[in-house]
Amino acid sequence: MSPPSIDSPQTARFLFISLHRTSSLGPLINSPRTLRVAPPRPFTCSTLRSAMKLRTDLKHGTNFEMAQTTQTQREMETERVENKPQAAAQAVVFRWREYVNAFLAAEISSLTRYYDRVIQWLPREDDKGALLAAVAAPRKETIGKDEPFPDLTHERDKRTAILINGTFNYDFDIQALLIHLKTKLSRTSRLVVLLYNPYLRWAYYLATRLGIRKGELPSTFVTRVDLQNIAKVAGFEIVRLRLAVYCPWKMLGLGTAINRVMPLVPLARWLSLTSVVVLRSLVPSSKQGISCVIPARNERGNIENALKRFPDLGREAEIIFVEGHSTDGTWEEILRVATLYRDQFRILAVQQPGKGKADAVRLGFSHAREDLLVILDADLTMPPEMLSRFAFAYDQGHGDFINGSRLVYPMEGAAMRFLNRMGNIFFAKMLSAVLDVRLGDSLCGTKLLTRHDYERMVAWRKDFGEFDPFGDFELLFPAAELGLEIVDVPIRYLARTYGETNIQRFRHGLQLLKMTWVGLVRVKMGVRKKRPLASENAVG
């Protein structure tokens, strides 16, 4: 077989590869990482002629890419092998963040899904909006550092939640931030603040060093007492504080179980990684009209006295009697006094198709036309004259949900039997622990709230369940969940002057115990029912 000619393509390719190993053409073709230097070969005339031809071809644009393609593929394969551990670590961190955000979003959504909108204020540079995206709310938006905050002072029956995700932990003047923000808020606005645990700052430092979390290390850690004092001098107060996330990994459900149970463990419950704090702005309001619902069953002898003793509240007032299957002529008495006192009061009388006080209250509230709603039991054991104290407490901004307390002052005669009193104390303590609020009396029939908040409570009740025989728990539970400030107003509990109590201590007590247990699981432990996506935007 004859050797190839000097001008053949095979010879040219061979000479080119030989030349680029020893000449300056090599770097143009291969990268330094894959350059292999071969031993020099002797030059002949034919070699020189081919080299000159190659240089001429290179000058005119002839392309030699075979060796380059082979080396690039090897580089890519090497990089893929080197990046596999890094990609696996990034996937673990992503799942960790996704789990923590989902857990925190569920806690925040227990409030925001019943609000009108959520505004995330001053997100940090490393905040990509994952938490806000996971929060359930009808409307969501973000406002950065250089963007003007909207004026919410005109909002009266709408609720806006302002989400502050860890920003306080990077700020040197939290009070100034709150004072600046307060001028833009209404009484119905709420701040939802995520804070890092000040006793676990070493954990955040370690997580940052290990690359589990990104961004700069938090600089400001505040305790609950610190935040209470800062909020107070800035014109705010804490209305709800929930501890969240003890284990940031799901671990086949074990981490989730730890996160559910730890809030119930004394002392150890304070070892959560984060806390979700709800603050409200202290803003008094102008006097609003009030609708007073009076459920009545076999209360004929108390109907007229309720009107005679009804105080002048200094505002528009309507009285709604709800009669429930009486056998003593209560309905006829209601119709009589409604005609007799029609010049003094705006009176509405309705008959209850269902049964029980809770059903009567719901029916009365559905007919109410004023902005404030209040309940007055027809047995008049709570003096009607004290209704003015409930209205005053609301007007001054002391609370959003005004709750009567019968357990402060001595009771008149046999107003409450011993077992009833023990049951009232027991349920007050239990609900205080379950809802993370301080309640002196959970079963006093007299309560004051706004109509727009009650509409949110109706939506909440559909998710939670309807099995409260008296209607007290189904108001207190959502009041705490919605971030309302609950304030007790002490009253003097009087003995009945007519009729008998409709309370069945043991049967109704078991129903309340069941509702307390359900509240412990769904509120305290956070095991809430999953809601269909179509209802996420429903408010009222």
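In the predicted model, six strands form an open sheet with mixed pairing, in the order β2-β1-β3-β4-β6-β5. Its edges are β2 (140-143) and β5, each of which pairs on one side only. Averaged over the sheet and with direction ignored, neighbouring strands are turned by 25° against each other. Helix α6 (residues 174-182) packs on this sheet, where it touches β1, β3 (160-165), β4 (190-196), β5 and β6. The direction of α6 makes about 140° with that of β1. At the β5 edge, the pairing with strand β6 (residues 274-281) is antiparallel and runs over eight bridges. One residue with a bridge partner in β6 is R240, which is matched with V278.

Two loop residues were examined for their backbone conformation. Most residues other than glycine have a negative phi. L122, in the loop between β1 (117-121) and α5 (130-134), has a phi near 55°, a positive value in a non-glycine residue. M251 also has a positive phi, near 50°, and lies in the loop between β5 (236-244) and α9 (254-261). The accessibility of each residue was also computed. L122 has a relative accessibility of 16% and therefore counts as buried, the cut-off being under 20%. M251, at 42% relative accessibility, counts as partly exposed because this value falls between the cut-offs of 20% and 50%.

Helix α15 comprises 14 residues and spans 20 Å from its first C-alpha to its last, close to the 20 Å expected at 1.5 Å a residue. The helix is mostly covered, with eleven of its 14 residues buried. The buried set consists of H452, D453, Y454, R456, M457, V458, A459, W460, R461, D463 and F464. Just after α15, G465 adopts a positive phi of about 130°.

The packing of α15 against α16 was then considered. Two packed helices are described by the angle between their axes and the distance between the axes. For α15 (residues 451-464) and α16 (residues 473-481), the axes come within 9 Å and cross at roughly 105°. The two helices are therefore roughly perpendicular, a class that covers angles from 65 to 115 degrees. On the α15 side, the contact is made by Y454, M457, W460, R461 and F464. The α16 side contributes E474, L475, F477, P478, A479 and E481. By class, this contact contains eight nonpolar and three charged residues, with no polar ones. The contact residues Y454, M457, W460, R461 and F464 of α15 are among the buried residues of that helix.

Definitions and conventions: Residues numbered from 1 in each chain as written. Predicted model: local features only at pLDDT ≥ 70, side-chain atom pairs only at ≥ 80, totals over all residues. Heavy atoms only, no water. Axes fitted to C-alpha atoms, helices over the stretch in contact; angles between N-to-C directions. Helix = DSSP H or I, 4+ residues; strand = E, 2+ residues; numbered from the N terminus. Parallel < 35°, antiparallel > 145°, perpendicular 65-115°, else oblique. Contact = heavy atoms within 4.5 Å. Nonpolar A, V, L, I, M, F, W, Y, C, P; charged D, E, K, R; others polar. Buried < 20%, exposed > 50% of the residue type's maximum accessible area, 1.4 Å probe, protein only. Expected span 1.5 Å × (residues − 1). Pairing = 2+ DSSP bridges.
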